[in-house]
Number of protein chains: 2
Amino acid sequence: MKKENTSQGVKEIARRANVSTATVDRVLHNRTGVSEKTKKRINEIIKELDYQPNLLASRLASKKIISIAIVIPSVSEETDFWEAPLRGVRRAEAEIKQYGVSTQVFFFDLNDKDSFSGKIAEVLRGDFQGVLISPSYIEETTKFAAECELRKIPFVFIDSNIPELHSLSYIGPHLFKSGYVGAKLLTYRLERDKKILIINISKEIDNFNYQKIEEGFRSYFQDRGQSGEIVRIDIRETDYQSVARHLTYVFHLNKDIGAAFVTNSRVHTVASFLKNSHRTHVSLIGFDFISENVAYLENNVIDFLICHRPEDQGYRGIMALYQTLVVNAQVSKLSYMPIDIVTKENYEFYHN
Amino acid sequence: MKKENTSQGVKEIARRANVSTATVDRVLHNRTGVSEKTKKRINEIIKELDYQPNLLASRLASKKIISIAIVIPSVSEETDFWEAPLRGVRRAEAEIKQYGVSTQVFFFDLNDKDSFSGKIAEVLRGDFQGVLISPSYIEETTKFAAECELRKIPFVFIDSNIPELHSLSYIGPHLFKSGYVGAKLLTYRLERDKKILIINISKEIDNFNYQKIEEGFRSYFQDRGQSGEIVRIDIRETDYQSVARHLTYVFHLNKDIGAAFVTNSRVHTVASFLKNSHRTHVSLIGFDFISENVAYLENNVIDFLICHRPEDQGYRGIMALYQTLVVNAQVSKLSYMPIDIVTKENYEFYHN
DNA sequence: GCAATTTACGGGCACGTGCCCGTAAAGGTA
DNA sequence: TACCTTTACGGGCACGTGCCCGTAAATTGC
């Protein structure tokens, strides 16, 4: 019921080394003002005792506040996907606020590259010790990463990754495998000799993410030696009218499409089209647990949603920075999220 | 970069109330020795300031250690399922050890009611402020819960629930819906007019858990007006030989079984049987991400595993007790885990 | 009315760490 | 030698809370 009473921590080290706690403190934070000799002696004792600083006392005594910037897309009419990571960020924040961590969120417009540039510039102008960012634009992110590296500011990528940049960590899906799983699920309701349609709806052109998903998707069929015809279409406008126009055309050209795979969360737009054009026999699969999609899941228009625990991504992203900046612990560089399969039957229990 | 310098907390309350911090402290911990008048005055100020105690300082100053008992089945040769919740418990422990929380795990033998009774008696003999328990035996758990209530010790159920008892929280699956999802998945590969076999392998007789799963399973078919024949079998021995014997008999009687649904994690035993008897055309679904099952998932013998984030269950269980005992916060009484669908294609990313 | 007890409160140390400030000693410059 | 700078360290307060101990004041008993 009582804690053991052995004197602990810095004091004990100081006692053994015949120095004051201030000197030990200097060694621990490798500040100047300690002779090599005593420094070595103290370090040995630290190792010997396997000293772990008391975070409680440390954070209590310290007046430093650690600020983390979060750069993510704003919730748009098109998608409320980023609500979930934001919830995770808030949850993490509430947990570690006590330790003197504060966060500031910068929302950019996913359809506007300039707003992204603007926000990262704003972050760099501010005084942040860590950054959690969704690297939506490669070129801009690359510049940003270089600047962070220069200033020794750790940054974490969530939801999509740019492996070449030295992020502290990537937290998000394994895209290739997600596509692979999507293909597997598609085959369940797919009738023989029917065509498969891959739909990519996105304003961005350099979407290497979707490529990886598509590769995974196709590789499933290659692995099984199945080579039913796969049609693909890129749609560069995200509004319903444009999507419907393109799809009408594709379905006109290909009468025997049995299944459609949408490479991102805009599957609800396709679902809407399928429903309106009475094509609900087409098996439909897409990504992300957003309310519009869930509605069509409920309707049986969407068969499966593939999800990557967006809330957890936000939570883990902040926690990774916390581990690095406060606890001074290692974090794994690559943290792939589970590929969750959400259906009409289990969605009500899906957390986020 | 610096924390604001406004004097905070107990001191500020004391200053405003014209009393010492000790008196405020007495009110906060409603100890005796404060007149009604000042008590009221202080409470008003506390409310006004919306005072939140600083956990860091509180835990640092306090010498009290909070002990939590965990009562779960040991990992047996039959299943390593409980490894995962234990990992979650350990993870939570590591996180909150700093706050003076210690845990002690009591393993019982899932096939031995007496070992369960023995362990809960041991817990009651010890000095624990909270209990996380898998309520495997109803009668014994009921007695235990009564005793806990008497002593005002909060207890949390994980993995299975006994709703009548006043647990602080239940953390685990919604069994009915899990069965429902199982049925949905089973239909994907099921050919028309084939029979479905429900297999229940368990030594325990009063397994109301399995009943709920089976109800959910059957209700899926009822909802859809499908009434393909469903055969069920109870097997009271868990070793392979016994299971194989029973199954041989059932498959002999029913030549046209197209799918099998196992109501718990022993699906690997059935998988083994199906493989050995060259019946892998039978669609097979069961529960839990344990290594034996994953092996058969990899083999294509098991089609789907339904999982309930066992590691998370352990983690959340401890955290619920921590919230109650240390933070003094509310926790939700019912915390259903997601019904995760695990396949050959996505299992490698499943966290636990 | 006086001693004994109880009530109601304040003073102040402790928890382990961070960090400011002071200072003796060593070294450098004229 | 006198004065200044640098190095190497110790003293000690602060963070916000818990809680022991001491003590006036109020209450009780006779």
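**Two chains and how they meet**

Me: Where in chain B is B:Asp193 found?

Reply: In the loop that runs between helix 8 (175–189) and strand 6 (195–201) of chain B. Keep in mind that this is a predicted model.

Me: And what makes B:Asp193 count as exposed?

Reply: Exposed means over 50% relative accessible area. B:Asp193 has 70% relative accessibility, so it counts as exposed.

Me: What is there to say about the phi of B:Asp193?

Reply: Phi is positive here, about 65°, although the residue is not a glycine. Most residues other than glycine have a negative phi. Chain A offers a case too: A:Asp159 has a positive phi near 75° and is not a glycine either. A:Asp159 is in the loop between strand 4 (155–158) and strand 5 (169–172) of chain A.

Me: How do you know how chain A and chain B are related?

Reply: Chain A lands on chain B with an RMSD of 0.1 Å after a rotation of 180° and a shift of 0.0 Å along the axis. The two copies are thus related as by a two-fold rotation axis. In chain A, the residue whose C-alpha comes closest to that axis is A:Leu56, at 2.6 Å.

Me: Why say that the copies meet through the same surface?

Reply: Because 98% of the interface residues of chain A are interface residues in chain B as well. By contact, 46 residues of chain A touch 45 residues of chain B. Together the chains bury about 4,400 Å², with 60% of that on carbon and sulfur atoms.

Me: Why is the pair B:Glu345 and A:Lys184 called a salt bridge?

Reply: The cut-off is a Lys or Arg side-chain nitrogen within 4 Å of an Asp or Glu carboxyl oxygen. The closest N and O atoms of B:Glu345 and A:Lys184 are 3.0 Å apart, and the pair passes. Across the interface of chain A and chain B, the rule finds six salt bridges. Helix 8 of chain A gives the largest share of the side of chain A that touches chain B, six residues.

Me: What caps the N-terminal end of helix 6 of chain A?

Reply: A:Asp112 does, with a side-chain oxygen 3.0 Å from the backbone nitrogen of A:Asp114. That distance is inside the 3.5 Å limit for a polar contact.

Me: Which residues of helix 6 of chain A are buried?

Reply: A:Ser115, A:Phe116, A:Ile120, A:Val123 and A:Leu124; the cut-off is under 20% relative accessible area. Among the elements of chain A that these buried residues pack against are strand 1 (66–73) and helix 7 (138–151).

Technical notes: Residues numbered from 1 in each chain as written. Chains lettered and ligands numbered in written order. Predicted model: local features only at pLDDT ≥ 70, side-chain atom pairs only at ≥ 80, totals over all residues. Heavy atoms only, no water. Least-squares fit on C-alpha atoms with pLDDT ≥ 70 in both. Contact = heavy atoms within 4.5 Å. Buried < 20%, exposed > 50% of the residue type's maximum accessible area, 1.4 Å probe, protein only. Helix = DSSP H or I, 4+ residues; strand = E, 2+ residues; numbered from the N terminus. Polar contact = N/O pair within 3.5 Å; in protein donor to acceptor, adjacent residues only side chain to side chain. Buried area = accessible area lost by both parts, 1.4 Å probe.
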